[in-house]
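Here is a short briefing to read alongside the model. Have the sequence and the coordinates open, and let's walk through the strands together.

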Amino acid sequence: MTGLVRCLSAKVFFALALLVATGRADEGEPTAPKPLQPIDVFQLELASDPQISPDGRQIVFVRNFMDIMKDRRRTNLWIIGSDGKDLRPLTTGDRNDASPRWSPDGTRLLYVSSESGNLEVYCRWIDSGLTARLTQLAKEP
C-alpha cells in the first residue's frame, strides 16, 4: 500500500509542480506562446524537494520564486494533501526555507531557514503551527 501512496503522491506532486510553474490553470482559450523575455524569470515558480509524510497523507515541498524588488531567489515551504486538496503555505516571506524533513511520527517538520538572517535549523509542529529555532549562530563581537 505504501508504494501505491508514494506513486499517487508523486503524480499529485508533479501535477502541482506544473500548476505552480504556470501560475494557474488555464482560464479560457489557449493563446499562442510568446517567447520568454528576461523579465519573465520573475513570473516563474518551481516546486522542488517533495517530502511525503510518514502516513502518506501529506506532501511538503519547497516553492521557489523570484523577488523582483530585490532581484533574489526565494523559497518557502508549502503543504498539500496526497489527494491534491488543501494546498497552503507553511512559511511565507522574503526569506529562504529549504530541506524539509518529517519526524518519524509525522507530527513535526524540520527545515533550514534564513529567517534570522543566518541559515538556522527550525522545527514546526504540524498541528499547532508553532515553530522553534533549534540552532543559533554566535554573533561576532
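**Strand pairing and overall make-up**

Asp 67 stands opposite Arg 72 in β3. That pair belongs to the antiparallel pairing of strand β2 (residues 58–67) with β3, which runs over 10 bridges. Strands pair here if DSSP finds at least two bridges between them, and helices (H or I, at least four residues) and strands (E, at least two) are DSSP runs, numbered from the N terminus.

This is a predicted model, in which local features need pLDDT of at least 70, side-chain atom pairs count only at pLDDT 80 or more, and totals for chains, interfaces and linings use all residues. Residues are numbered from 1 along each chain as its sequence is written, and side-chain values use heavy atoms, with hydrogens and water left out.

**Around β3**

- Strand β3 covers residues 72–81, and 8 of its 10 residues are buried; buried means under 20% relative accessible area, exposed over 50%, and partly exposed in between (1.4 Å probe, protein chains only).
- On to the next partner: β3 also pairs with strand β4 (residues 88–89), in the antiparallel sense and over 2 bridges.
- Trp 78 has Pro 89 in β4 as its bridge partner.
- A hairpin is formed by β3 and β4, with 6 residues between them. In its turn, Gly 84 has a positive phi of about 85°.

**The sheet of β5 to β8**

- An open sheet of 4 strands follows the order β5-β6-β7-β8, with antiparallel pairing.
- Its edge strands, each pairing on one side only, are β5 (97–102) and β8 (131–133).
- On average, neighbouring strands of this sheet are turned by 25° against each other, direction ignored; the axes are lines fitted to C-alpha atoms, for helices over the stretch in contact, and angles run from 0 to 180 degrees between N-to-C directions.
- Strand β6 (residues 108–113) meets strand β7 (residues 120–125) in antiparallel pairing over 6 bridges.
- Within that pairing, Tyr 111 stands opposite Tyr 122 in β7.

**The whole protein**

- The secondary structure comes to 1 helix and 8 strands, in the sequence pattern α-β-β-β-β-β-β-β-β.
- Of the 141 residues, 31% count as buried.
- The accessible surface comes to about 9,600 Å², with 56% of it belonging to carbon and sulfur atoms; such areas come from the Shrake-Rupley method with a 1.4 Å probe, and for residues only the protein chains shown count as cover.
- Among contacts (heavy atoms within 4.5 Å) between residues at least 6 apart in sequence, 29% join residues at least 24 apart.
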